[in-house]
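Please read this report alongside the sequence and the coordinates, which appear directly below.

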Amino acid sequence: MSKQVGNPSKAANTAMMRARLELMIREPFFGCLALQLELVEITNKAFCATMAVDGTHLFYWPEFVLSLEPSECTAVVAHEVHHCCYKH
């Protein structure tokens with residue numbers, strides 16, 4: 001489990017940016033698509049308690065992001081990008 005240090009909101013945003021960078025390095029096609037999605041922190045857990053996409057935005061719940069290992073976060077970002085690729 002990732003450690004929460006300081007501001008959890010900022011830490012989660014940093015983790016999301018790192019995940020997209022890792023995806024860009026390992027899978028450039030999907031990384032490039034991930035970079036096209038605007039990162040949006042979810043402030044209402046009722047909306048979604050993990051991650052979600054709408055084709056333009058990549059929504060993330062900070063506590064969920066911080067509960068993941070870096071490689072898991074990268075995998076979830078890739079999963080969300082695939083939703084956009086397959087239009088669902």
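The sections that follow treat the basis of the model, the sheet, the helices, the core and two individual sites.

## Basis of the description

This is a predicted model, in which local features need pLDDT of at least 70 and side-chain atom pairs count only at pLDDT 80 or more, while totals for chains, interfaces and linings use all residues. Residues are numbered from 1 along each chain as its sequence is written, and side-chain values use heavy atoms, with hydrogens and water left out.

## The sheet

Helices (H or I, at least four residues) and strands (E, at least two) are taken as DSSP runs and numbered from the N terminus, and two strands are said to pair if DSSP finds at least two bridges between them. On this basis 3 strands form an open sheet with mixed pairing, in the order β1-β3-β2. Because β1 (38–41) and β2 (51–53) each have a single partner strand, they stand at the edges, and one side of each is left without a neighbour in the sheet. Neighbouring strands of this sheet are turned by 25 degrees against each other on average, with direction ignored; axes here are lines fitted to C-alpha atoms, for helices over the stretch in contact, and angles run from 0 to 180 degrees between N-to-C directions.

The two pairings differ in sense: β1 and β3 run parallel and are joined by 4 bridges, whereas β2 and β3 (residues 57–60) pair in the antiparallel sense over 3 bridges. In the parallel pair, E38 has H57 in β3 as its bridge partner. In the antiparallel pair, M51 stands opposite Y60 and V53 stands opposite L58. The hairpin of β2 and β3 has 3 residues between the strands, and G55 in this hairpin takes a positive phi near 95 degrees.

## Helices against the sheet

Helix α1 (residues 8–26) lies across β1, β2 and β3 and runs at about 150 degrees to β1. Helix α4 (residues 70–85) lies across β2 and β3, running at about 25 degrees to β2. With 16 residues, α4 reaches 23 Å from its first C-alpha to its last, close to the 22 Å expected at 1.5 Å a residue, where the expected span is 1.5 Å times one less than the number of residues. Just after α4, K87 takes a positive phi of about 55 degrees.

The buried residues of α4 are C73, T74, V76, V77, A78, E80 and V81; buried means under 20% relative accessible area, exposed over 50% and partly exposed in between (1.4 Å probe, protein chains only). What covers these residues includes α1, α2 (28–35), β2, β3 and α3 (62–67). T74 counts as buried at 11% relative accessibility, and, leaving aside its neighbours within four places in sequence, T74 is in contact (heavy atoms within 4.5 Å) with A19, E22 and L23.

## The nonpolar core

A nonpolar core is a set of buried Ala, Val, Leu, Ile, Met, Phe, Trp, Tyr and Cys residues joined through side-chain atoms within 4.5 Å. The largest such core has 24 residues, and those with the most contacts inside it are M16, M51, L58, Y60, V65, C73 and V77. At least two residues of this core come from each of α1, β2, β3, α3 and α4, with α4 giving the most, 5 residues. In soluble globular proteins, nonpolar side chains tend to be buried together.

Not counting residues up to four places away in sequence, M51 touches M16, L58, F59, Y60, F64, V65, L68, C73, V76, V77 and E80.

## A salt bridge and a loop residue

The count comes to 1 salt bridge, defined as a side-chain nitrogen of Lys or Arg within 4 Å of a carboxyl oxygen of Asp or Glu. The side chains of E22 and R26 meet in it at 2.2 Å, N to O. E22 and R26 are 4 residues apart in helix α1, so about one helical turn separates them. E22 is partly exposed at 27% relative accessibility, whereas R26 is exposed at 60%.

T50 lies in the loop between β1 and β2 and is partly exposed, with a relative accessible area of 34%. The C-alpha atoms of T50 and W61 are separated by 5.3 Å, although the two residues are 11 residues apart along the chain. Leaving aside its neighbours within four places in sequence, T50 is in contact with I42, F59, Y60, W61 and F64.
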